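User: I am new to this structure. Please show me how to read it.

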Amino acid sequence: MTETPGRTRVLIVDDSRDTLEMLQRNLAREGFQVFAATNVPDAISLLEGQPVDLVITDLKMPKISGLDLVRHVRDNFRLTEIVMITGYPSVEGAVQAVRTGAEDYLAKPFTTEELLATVKGALAKLQRRRDAAGTESPPVHFPGLCGESPAMLRVYESLARAAKTAATILITGESGTGKELVARAIHYSGARAAAPFVPVNCGSIPEELLESELFGFIKGAFTGAVESRAGFFQTADGGTIFLDEIGEMTLSMQVKLLRVLQDKEIFMVGCRKPRQVDVRILAATNKDLGSLIRKGTFRDDLYYRLNVLNIHLPPLRERLSDIPLLARHFLARHSRELGRQPPRLSDRTIEILGRYEWPGNVRELENLIQRLLVMTDGQVIDAPDLPSFMRTLVQHQKDLHRTLAQVEQEHILAVLDSVGGNKTHAAKILGIDRKTLREKLDRSGGRSGPEEPDT
Ligand SMILES: Nc1ncnc2c1ncn2[C@@H]1O[C@H](COP(=O)(O)OP(=O)(O)OP(=O)(O)O)[C@@H](O)[C@H]1O
Ligand SMILES: [Mg+2]
C-alpha cells in the first residue's frame, strides 16, 4: 500500500467532539480518509470493518482508555500505526503508551504543524515496517524447521547439542509435531551428514519381517531366502538409522535392539556370526514410554539406552505464536509448487487459527494450508475460507469481550457458510434483504464473493 495522503486511512478516537472535529478538518484537508469514533468499542468495530493505516487516539476516555485500544491494535493489526494524544503533558501516560506499542504521542494543546509532523513520522515508520514485512524472513536455525516460540528455541538448543554428539536420542511428541524432521536435522547437521539417513517405521512393518528388514538375512535363512540381503543397519553404516514408532516394537525385537546398542554389532537372520556396524540410532515415539514400561510392554533397560538425550516436541497448541510463521512457511512452499503467488492470511484468519486446538499438530496445519490453496484463488485467505468446524469451535470458546458488530459479523458468516455461500438463502434466514447483506459484508471488509444471479 502506498502512503499517498489520498489513500491513507486514519481513524481518530476522542471523547471530545471538539477535538474530533478539529482533527477531522485538519487531516481531511491534507487528503487523508478520516474515520472518527468517540469511544474505544466503536473504534474497534470500525477497525474490524476496514483496513486502517493510522489510529490517533486520546488516552483519557471514560470507561475504556486509549491504552486498551493501543493494546488491541498491537495484538490484532501488525501493520497499523498508533499515535496517542495525552490530555495534558502527562509524561507518564505518554511513556506508557509508547511502551504499550504506540509509535508517538501528541500533548494537548498541539498546533496543526505538530499534528501533521507527527502523523508524517508515524506513516514513514509504517512504510518501513511494511517494506520489511514483505521481505523479512525468519532466521533459519535448521533447514526445514520453522518456529520462533520459546518452546521451539529450546528444541533448537537441544538439537544443536544432539548434532554435536554421537549419543542415542529419543525424540518424543504427539503425532505431527515434527519428530522426523528433527531426526533429519540432527543427522544432516552432524558429522555423519554425508552418510545415509535411514528411516524405519517400526509400527508399519509386521513383526516377523522387522528383524530381517533391520538386520538382513543370509541365503537359506528361511524359505524364500534364495540369496543374502543386507538390512537397514548395513545400509545405514556410517550414518544414522531412525527408528520411528519405537513404542510399537515387540518385546523380543526390543531385546535384539538392546544388544545392538550394547555391543554395536548385529546378527543377520540365519547367521551366528556377529557383524560390526557403525550406526547412530535415533528413535521416536508419540507414546508415553513410561506407562508402557509400567504395563510391561516396553523394556526399561532399552528405554534408558535410547533416552541418553531426549528432545521433546511440544504440541502446536502450546506454541501458538508459531502458527502465523508456520502457516506462511507452508503457503510459500505450496504456492511455489502450484506456480502461484502466495496469498496473504487476513488478521481474522490468523486469529481463528490461533484459537483452534490442532489435534493433528503441524501436519494438520500443513494439510489445511494445502487445501486452502486448492480451494481459493484470491490474494487473501479470509475467515470464511476456513472450514466451518474451526470457526464454530471458536464461537463456543468466545469470551464476552466482543462488540455487537463482531457478533453480527460472525453470525452472518456462520449463516452464509451453512447455506454454502448462497446470499439469497442467507438473507432470508437473517431476515434482511440481499442488498443489506451485501452492504454488511462489504462494510466489514469480509469476503462477499462473486455476485450471484438473483433468484
Ligand atoms: N517446525 C516445523 N517447521 C516446518 N515444518 C514442520 C515443522 N514441524 C513439522 N513440520 C511438517 O509437518 C509434517 C509432520 O512432521 P513430521 O512427519 O516430522 O511429524 P512426526 O512428529 O514425525 O509425526 P508422526 O508422529 O505422525 O509420525 C511434515 O510435513 C513436516 O515437514
Ligand atoms: Mg513421524
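Reading the ligand site and two loops

Analyst: This is a predicted model, in which local features need pLDDT of at least 70, side-chain atom pairs count only at pLDDT 80 or more, and totals for chains, interfaces and linings use all residues. Residues are numbered from 1 along each chain as its sequence is written, chains are lettered from A and ligands numbered from 1 in written order, and side-chain values use heavy atoms, without hydrogens and water.

User: Which polar contacts does ligand 1 have with S175, T177 and G178?

Analyst: A polar contact is a pair of N or O atoms within 3.5 Å. A polar side-chain atom of S175 is 2.6 Å from an oxygen atom of ligand 1. For T177, a polar backbone atom lies 3.3 Å from a ligand oxygen, and a backbone N or O atom of G178 lies 3.1 Å from one.

User: Which residues come nearest to ligand 1?

Analyst: A residue is near a molecule if one of its heavy atoms lies within 4 Å of it. Of the 18 residues around ligand 1, the nearest are C146, S175, G176, K179 and E366.

User: How many residues of the shell are nonpolar, polar and charged?

Analyst: Asp, Glu, Lys and Arg count as charged; Ala, Val, Leu, Ile, Met, Phe, Trp, Tyr, Cys and Pro as nonpolar; the others, Gly among them, as polar. The shell around ligand 1 has 7 nonpolar, 6 polar and 5 charged residues.

User: What is unusual about the backbone at K63 and at P109?

Analyst: Most residues other than glycine have a negative phi, and most peptide bonds are trans. K63, not a glycine, has a positive phi of about 70°. K108 and P109 are joined by a cis peptide bond, with omega about -5°.

Technical notes: Polar contact = N/O pair within 3.5 Å; in protein donor to acceptor, adjacent residues only side chain to side chain.
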